[in-house]
Structure formats: structure tokens, C-alpha cells
Amino acid sequence: MPTDQDYGRQTSIEEKLARQREIDEWLPITSARNAKWWYSAFHNVTAMVGAGVLGLPYAMAELGWGPGVAILVLSWIITLYTLWQMVEMHEMVPGRRFDRYHELGQYAFGEKLGLYIVVPQQLIVEVGVCIVYMVTGGTSLKKFHDTVCSSCKSIKLTYFIMIFASAHFVLSHLPNFNSISGVSLAAAVMSLSYSTIAWAASVHKGVQPDVQYGYKAKSTAGTVFNFFSALGDVAFAYAGHNVVLEIQATIPSTPEKPSKVPMWRGVVVAYIIVALCYFPVALIGYWMFGNAVKDNILLSLEKPAWLIAMANMFVVIHVIGSYQIYAMPVFDMMETLLVKKLHFKPSRMLRFVTRNIYVALTMFIGITFPFFGGLLSFFGGFAFAPTTYFLPCIMWLAIYKPKRFSLSWWTNWMCIIAGLFLMVLSPIGGLRQIIIQAKTYKFYS
């Protein structure tokens with residue numbers, strides 16, 4: 001017969017499970033699971049097509065025609081493959097969902113090692129993107145102001161970054177991914193719009209009279225470092241993997257209709273839109289301006305003024321949505337730590353304080369180090385390459401263990417080697433660029 005102790009133990013387990021369920025229903029990633037496949041499409045477009053697309057013509061100028069086209073196409077193929085792997089791995093254990101990147105890492109590498117491998121890289125990517133987007137949002141607002149009112153008194157970039165951040169002090173309090181779907185949809189539409197404006201305005205401007213396609217750097221060392229830096233710019237442009245499991249977690253799933261089917265449909269649509277944004281901007285931008293193109297293509301386009309002003313405003317709206325997409329998993333990590341480990345009570349006040357501190361911190365760092373181009377390539381190589389190009393492949397090899405020398409085995413190892421090269425080389429170029437820009441930079445000027 002069951003004793004009182006057995007009943008007590010059973011009640012205790014039920015209470016723990018009920019509390020766990022209550023916490024999961026409060027946390028941003030697991031609180032809503034009613035997303036449709038098109039949510040996956042525009043969330044992925046918003047996550048992927050970021051400010052990085054505007055730096056692609058500049059990356060092409062540092063890579064050259066042949067290597068540039070090859071690296072762009074290869075990156076598109078490799079990242080689509082690794083994204084497919086992550087979608088497949090989301091529900092590979094029957095009855096369980098890996099709702100967060102680090103949960104998949106823990107399953108592949110072990111409880112502690114998985115956390116140590118994935119969480120630092122994911123945080124570098126997500127916090128890094130938020131900082132870079134603070135700078136991008138502020139820079140685009142400043143460009144909009146200067147284009148619309150060229151005779152007005154010049155205003156510091158610092159103030160524009162603060163104006164951009166003010167939107168996030170409000171939007172950051174939306175509870176979960178589904179609640180930011182409207183912001184994300186607007187951002188996805190804007191990304192397609194300003195990419196189209198960037199290449200269409202370049203075509204309208206025509207090939208510049210003194211256009212040159214040779215490498216800009218005077219020395220061999222300079223050319224090599226710039227090449228490394230451009231690799232990071234490309235890696236930064238393909239960064240959506242860091243939030244893909246979290247996006248998939250919002251889609252309902254049953255054994256008959258697993259979430260990977262609508263998720264993959266959304267990813268394919270998103271990648272077609274990514275190609276429509278990236279390739280025309282990169283190739284046409286470089287073709288028209290050659291190696292004189294600026295690290296943000298919209299800065300190279302001065303006329304027609306109203307169109308460039310509009311494009312910059314589209315960039316602002318887009319990076320508002322992108323910031324939220326990348327901030328949401330960070331909010332989830334912070335709130336999980338506070339509620340599950342430090343046993344804070346799930347409350348609006350807790351959310352209000354933690355999220356405002358995060359927005360303020362990214363704003364402060366963005367104001368302090370607004371080196372847009374250098375930041376792109378440094379973060380791009382340092383953290384984006386592992387989480388996008390080869391970490392999914394390592395997990396796939398660890399979990400599925402494909403037969404040695406099979407097609408799957410070779411494909412994954414080739415992606416891992418390419419990603420490792422990217423991770424080692426591109427931060428070198430990015431760091432050099434930051435050092436060069438920092439020589440002439442005055443803090444908060």
C-alpha cells in the first residue's frame with residue numbers, strides 16, 4: 001500500500017511540475033505556440049536581412065569580383081543547409097522540443113559543456129547585433145535628418161542613437177515572439193524595400209566615370225587584411241541561425257503535424273527573399289561604384305534626396321524590428337536565470353527592470369564605439385561564423401553520427417573547415433579596421 005510519504009513525494013513532484021509549467025508559460029520563448037508558417041518567413045527575413053546587406057558592396061570591393069561572387073553564393077548555400085539541420089534537430093527526440101539553441105547544445109555535448117560552448121557565442125552574437133543595430137539606427141536617422149534638412153544645424157550621432165533607443169525602451173516590454181510579429185512583419189517589408197531602393201538607385205546613378213575595380217589598399221598586407229575583414233561582413237549578413245530554434249518554438253507541433261514542416265516552408269520563402277535582397281545590392285552596388293563604394297551603400301547614394309531619405313527611414317524601421325528579434329532570446333536567458341536559478345517571482349516589475357537595463361547597456365556601448373564597418377566584420381567572424389556555419393554541423397555529427405566518408409559526413413566536415421577559416425581570419429581584419437578608425441575618433445563627439 002502507498003504510504004503518506006509516497007503521497008507527499010507525489011504531491012511535491014506535481015507542485016514542481018506545475019511551477020515549471022507556470023514559469024514556461026511566462027517566459028518569452030515558450031509562452032505562445034500558435035504561430036503560422038508565414039511568421040517563420042518574416043521572422044527569418046527580419047533576423048537575416050539586416051544592416052549587413054548595406055555593407056555587401058563594400059565587402060565585394062575588398063574581395064574582388066571572382067572571390068566575392070563565390071563567397072556570397074557559397075555562404076547562401078552553406079547557411080541554408082545548416083539552417084535546415086537546425087530545423088530538423090528541433091524535434092529529433094520524440095515528445096521533446098529543443099526550444100533554445102543552448103538546449104540543443106546541451107543535448108549534443110552534455111549538460112555543462114553544451115552551456116559553455118553555446119551560451120557565450122550566442123550572447124556575443126545577439127548582444128553584438130543589438131549594439132551594431134543601435135549604431136545603424138542612429139546613423140540612418142542622422143542621414144535622414146541631414147538629407148531632409150541639409151541647411152539645419154548638425155546634430156551629434158550620440159543624440160540620434162538615443163532617439164533610436166527610446167523606441168526600444170517601449171517595445172522591449174512586449175512579452176514574447178508572437179507579440180512582436182507585427183513589428184517583425186513591418187521590418188521584413190522594409191528590408192526588401194530599402195534593398196530594392198539601394199540597387200535601383202545605384203542603377204539610376206549609373207556606372208561612375210572614374211570607376212575602378214582593383215583593390216583599394218596600397219600594400220599587400222592592407223589588401224589581405226581588408227579581404228579578411230570582408231569575410232566577416234559576409235558572415236554577419238547570414239546571422240539568422242542564432243534565433244531559429246526560438247522562432248520554431250512558437251509554432252504548434254503534433255506527431256502528425258511536426259513544427260519542422262511549416263518552419264521549413266517559411267525558411268525557404270525567407271531565403272528566396274534573402275537572395276533577392278543580397279545579390280542585386282552586392283553586385284550592382286559594386287558594379288556602379290567600384291572600390292570607391294562606402295561601407296554603407298546608402299552613404300554613396302546622394303540623389304535623388306527624397307528616395308535616399310526614405311531608404312534610410314526604412315532602415316530605421318527595419319533595425320527596430322531586428323533589434324527586438326535578437327533581444328528576445330537574451331530576455332529569455334536573463335529571465336530564466338532570475339526566475340529558475342535565483343528564484344525571483346515572475347512579475348511585470350522584474351521584466352520592466354531587466355529589459356530596460358539591457359536596452360540602456362546596448363545604447364551606451366553603441367554610443368561609445370560607433371565603428372560600424374569594423375564592428376560588422378569583427379563580430380561577424382568572431383561569433384557568427386561558429387553559430388551559423390559550423391556549430392550546427394558539429395551537433396549533427398555528434399547526434400546523428402553519419403557513416404564515415406558518406407555524403408553527409410563530407411558535407412558537414414567541409415562546412416566546419418570553411419567556418420573555422422572564417423572564424424580565425426575575419427576578426428583579424430575587423431580589429432585592424434577598428435584600430436585604424438579609433439585613431440581619429442573622439443569619444444562622444
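Helices here are DSSP runs of H or I, at least four residues long, numbered from the N terminus. The exercises below use a predicted model.

**Exercise 1. The enclosed space**

Find how many cavities of 30 Å³ or more the structure holds, and describe the lining of the largest.

Solution.
- Step 1: count. There is one cavity of 30 Å³ or more.
- Step 2: take its volume. The largest cavity comes to about 30 Å³.
- Step 3: list the lining. The residues are I29, R100, H102, Q122, E246, P329, D332 and M333.
- Step 4: assign them to elements. Helix α13, residues 305-341, provides the largest share of this lining, three residues.
- Step 5: sort by character. Three of the lining residues are nonpolar, two are polar and three are charged.

**Exercise 2. The open space**

Describe the largest pocket by volume, lining and the helices that supply it.

Solution.
- Step 1: take the volume. The largest pocket has about 720 Å³ of space.
- Step 2: look at the walls. The lining has 23 residues, and H102, Q106, L115, T336 and K341 are the ones nearest the pocket centre.
- Step 3: name the helices. At least two lining residues come from each of α1 (4-26), α5 (101-109), α6 (111-148) and α13.
- Step 4: find the main contributor. Helix α13 gives the most, with eight residues.
- Step 5: sort by character. The lining of the largest pocket has eight nonpolar, five polar and ten charged residues.
- Step 6: look back at Exercise 1. H102 lines the largest cavity, and H102 is also listed among the residues nearest the centre of the largest pocket.

**Exercise 3. The nonpolar cores**

Identify which residues of the largest nonpolar core touch the most other members, then trace the contacts of Y278.

Solution.
- Step 1: recall the background. Nonpolar side chains tend to be buried together in soluble globular proteins.
- Step 2: find the hubs. The largest nonpolar core has 116 residues, and Y238 and Y278 touch the most other members.
- Step 3: find the main helix. With 15 residues, α13 gives the most to this core.
- Step 4: trace Y278. Setting aside neighbours within four places in sequence, Y278 contacts M48, V49, G50, V53, L56, A237 and Y238.
- Step 5: check for another core. A second, separate core has six residues, among them I23, L27, L338 and L350.

**Exercise 4. A polar residue in α13**

Decide whether Q324 is buried or exposed, and list what Q324 contacts.

Solution.
- Step 1: place the residue. Q324 sits in helix α13.
- Step 2: apply the cut-off. Buried means under 20% relative accessible area. Q324 has 0%, so Q324 is buried.
- Step 3: list the contacts. Beyond neighbours within four places in sequence, Q324 touches H168, L171, S172, I180 and F331.

**Exercise 5. The cysteines**

Find which cysteines are joined by a disulfide, and compare their accessibility with that of C130 and C277.

Solution.
- Step 1: recall the bond. A disulfide links the sulfur atoms of two cysteines covalently.
- Step 2: apply the cut-off. The two sulfur atoms must lie within 2.5 Å. The count is one disulfide.
- Step 3: name the pair. C149 is joined to C152, with S to S at 1.5 Å.
- Step 4: give the hand. The link of C149 and C152 is right-handed, with 60 degrees about the S-S bond.
- Step 5: read the accessibility. C149 has a relative accessible area of 21%, so C149 is partly exposed. C152, at 35%, is partly exposed.
- Step 6: turn to the other two. C130 is buried at 0% relative accessibility. C277 is buried, with a relative accessible area of 0%.

Key
Residues are numbered from 1 along each chain as its sequence is written. This is a predicted model: local features need pLDDT of at least 70, side-chain atom pairs count only at pLDDT 80 or more; totals for chains, interfaces and linings use all residues. Side-chain values use heavy atoms; hydrogens and water are left out. On a 1 Å grid over the protein atoms alone, a cavity is a set of points where a 1.4 Å probe fits but cannot get out, and a pocket is an open set with protein on both sides within 12 Å along at least five of seven lines; lining residues have an atom within 4 Å of a point. Grid points are joined across faces, edges and corners, and a volume is the space filled by probe spheres set on the points. Ala, Val, Leu, Ile, Met, Phe, Trp, Tyr, Cys and Pro count as nonpolar, Asp, Glu, Lys and Arg as charged, and the others, Gly among them, as polar. A nonpolar core is a set of buried Ala, Val, Leu, Ile, Met, Phe, Trp, Tyr and Cys residues joined through side-chain atoms within 4.5 Å. Buried means under 20% relative accessible area, exposed over 50%, partly exposed in between (1.4 Å probe, protein chains only). Contact means heavy atoms within 4.5 Å.
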